[in-house]
Amino acid sequence: MKKQHLAFVGMWLAALVAMGAIYFTQERGRSAHLTRPTEDAPVYDVDDAHPSTTARGATAEQLPIPVGPPTQHRGDRRHTGRSPYVGPGRPGVFWSYESGHHIVGQAVVDAEGNAYFGSRDNNVYSISRTGGLRWQTDLGGDIYSTPALDGEGHLFVGSDSDFFFCLDAETGEVLWNLRAEDDVDTGIAIGPDGTLYFGARDELWAVAPDGTTRWRFRVRVKIFSTPAVDDDGTIYVGAQDDHLYAIAPDGQMLWSFGTPDDIDSSPVIGDDGTIYFGCDDRHVYALDRDGHQRWRSDVGGYVRAPVALGSQGDLIVPVFGPNSRVTSLDRATGAMRWDFAITLVATDAGVGAGPLVDRDGNIYFGADDDFVYAIDANGGLRWIFETEGNVDGDPTLTQDGTLLVGSDDHHMYALRADPIAATTASERAPAPVVAEPAVVEPVVVVPAVVVPAV
């Protein structure tokens, strides 16, 4: 009996080993089929680069941005932070969806109003226009990256699993992946020719829509900013080696601009081709398309999120600690126009999300005091909405005027001016707090300080 028992156990163990071998063989084959090779792509290094001296035109007029749903970081490849839609006046919670961890990236939206976003629970989610889960896909690592949609049914997103992914936007199935050798934390910018640009560790990647790596450009320290792409295909990206880089579509460096500290703020390309970005040296910079400084302005705090193009010829600047606020700077001179202060005691907290400007000039942003804010074009408070965690994700505005914003309380909120949603909001999430317009204190204007470009 004992021998028969041992033989029976041995048979089962052999079967399990065989099944495991088959499974891992299939998985290895599946991964090999899905994973795109990178070995043949050229890698350019900033220390070996020979910057081009070709002038590109300081203020070339930009092509109009196509009107449509926000399909990539900051709404478009120039990161303008502007929306062609109008946001809610008095918001209610239309829907909210709870993930398993913080939501720190921005949501993107397709033509049907379906939303796509990542969470630090390793999953990327697709939520229908009315708040129902369409699918979720585990990508094996925290997701800080803002996804991008290409209009062909593909969703692109990075993960801390050290992979960059292409998913079927309808089903969530992984179509291919690319080993990036480190965390892919930045958003994705899609160039005029469909090339995908993102940062991973100290490299800017250029990847074709089929997953073929076209080239990589290596800087000296980590890239946290999402690259912006000009009409002629030039890519701008900041890095923690204290430089902003302009890279040609073939991967060669055109120029670099040095600052005294990290550049985590994603660059923004203005309507006349001016490049704007914030820096940890507490300044906002404006450069022409050849890398020459037009102005710099001291805003008294770190600028780590991207600025936005306001509706009145201004820049809307999110300021992290120690002087937390949103401020308006004149786009032509850098002079301060108005301030909207955030009350925070901690010096290492503030406005870490990029502002969004709607068609009427209203401004929406989140902060580390757990609130989502709406202010008008002159800095007057319209409303605030309380969540239960820091609001680090940039807001997104959909075609029907719904404002999407993620929070460290694990929720993605959909806020809209809907009387029915407003009356039932308390059943699902904290009700919006409507306050009287803020009294903007007199502001001491800090003149722009112009210094020679490095």
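The exercises below work through a predicted model of one protein.

**Exercise 1. Describe the protein as a whole: how many helices and strands are there, and what share of the residues is buried?**

Step 1. The protein has 2 helices and 35 strands.

Step 2. Of its 454 residues, 57% are buried.

Step 3. Turn to the surface. The protein exposes about 18,200 Å², and carbon and sulfur atoms supply 54% of that area.

Step 4. Consider contacts with a separation of 6 or more in the sequence. Residues 24 or more positions apart account for 51% of them.

**Exercise 2. Place strand E5 among its partners and state which residues lie on each of its faces.**

Step 1. Strand E5 covers residues 115-118. Strand E4, residues 108-109, pairs with E5 in the antiparallel sense over 2 bridges. Within this pairing, valine 108 has tyrosine 116 of E5 as its bridge partner.

Step 2. Look at the link between these strands. E4 and E5 form a hairpin with 5 residues between them, and glycine 113 in the turn has a positive phi of about 90°.

Step 3. E5 also pairs with strand E6, residues 123-127, in the antiparallel sense over 4 bridges. Here the bridge partner of tyrosine 116 is serine 126 in E6.

Step 4. E5 and E6 form a hairpin as well, with 4 residues between them. In its turn, asparagine 122 has a positive phi of about 80°.

Step 5. Now sort the residues by face. In a regular strand the side chains alternate between the two faces of the sheet. Ala115 and Phe117 are on one side of E5, Tyr116 and Gly118 are on the other, and all of them are buried. Both faces of E5 are therefore covered, since buried means under 20% relative accessible area.

**Exercise 3. Do the same for strand E18: which residues are on each face, and which residues stand opposite its members?**

Step 1. Strand E18 spans residues 243-247, and 5 of its 5 residues are buried.

Step 2. His243, Tyr245 and Ile247 lie on one side, with Leu244 and Ala246 on the other. Both faces are covered.

Step 3. On the E17 side, 4 bridges join strand E17 (residues 235-238) to E18, and the two run antiparallel. Tyrosine 236 stands opposite alanine 246 in E18. The hairpin of E17 and E18 has 4 residues between the strands, and aspartate 242 takes a positive phi near 70° there.

Step 4. On the E19 side, E18 pairs with strand E19 (residues 253-258) in the antiparallel sense over 5 bridges. Leucine 244 stands opposite phenylalanine 257 in E19. This hairpin has 5 residues between the strands, and glycine 251 takes a positive phi near 95°.

**Exercise 4. Give the strand order of the open sheet of 4 strands and name its edge strands.**

Step 1. The order is E20-E21-E22-E23, with antiparallel pairing.

Step 2. The edge strands are E20 (268-269) and E23 (293-298), each of which pairs on one side only.

Step 3. Take one pair from the sheet. E21 (residues 275-278) and E22 (residues 283-287) are joined by 4 bridges. In this pair, isoleucine 275 has leucine 287 of E22 as its bridge partner.

**Exercise 5. Examine the loop between strands E25 and E26: is serine 324 buried or exposed, and which peptide bond is cis?**

Step 1. Serine 324 sits in the loop between E25 (314-319) and E26 (325-330). Proline 322 lies in that loop too.

Step 2. The relative accessible area of serine 324 is 6%, so serine 324 is buried.

Step 3. Leave aside its neighbours within four places in sequence. Serine 324 is then in contact with Val319, Ala341, Ile342, Leu344, Ala349 and Gly350.

Step 4. The cis peptide bond joins glycine 321 and proline 322, with omega about 5°. Most peptide bonds are trans.

**Exercise 6. Set arginine 74 beside aspartate 162: what is phi in each, and is each buried or partly exposed?**

Step 1. Most residues other than glycine have a negative phi. Arginine 74 has a positive value, near 65°, and aspartate 162 has a positive value, near 75°.

Step 2. Locate the residues. Arginine 74 is in the loop between E2 (43-45) and E3 (92-98). Aspartate 162 is in the loop between E9 (154-158) and E10 (163-168).

Step 3. With a relative accessible area of 3%, arginine 74 is buried. Aspartate 162, at 23%, is partly exposed.

Definitions and conventions
Residues are numbered from 1 along each chain as its sequence is written. Side-chain values use heavy atoms; hydrogens and water are left out. Buried means under 20% relative accessible area, exposed over 50%, partly exposed in between (1.4 Å probe, protein chains only). Two strands pair if DSSP finds at least two bridges between them. Contact means heavy atoms within 4.5 Å. Accessible areas come from the Shrake-Rupley method with a 1.4 Å probe; for residues, only the protein chains shown count as cover.
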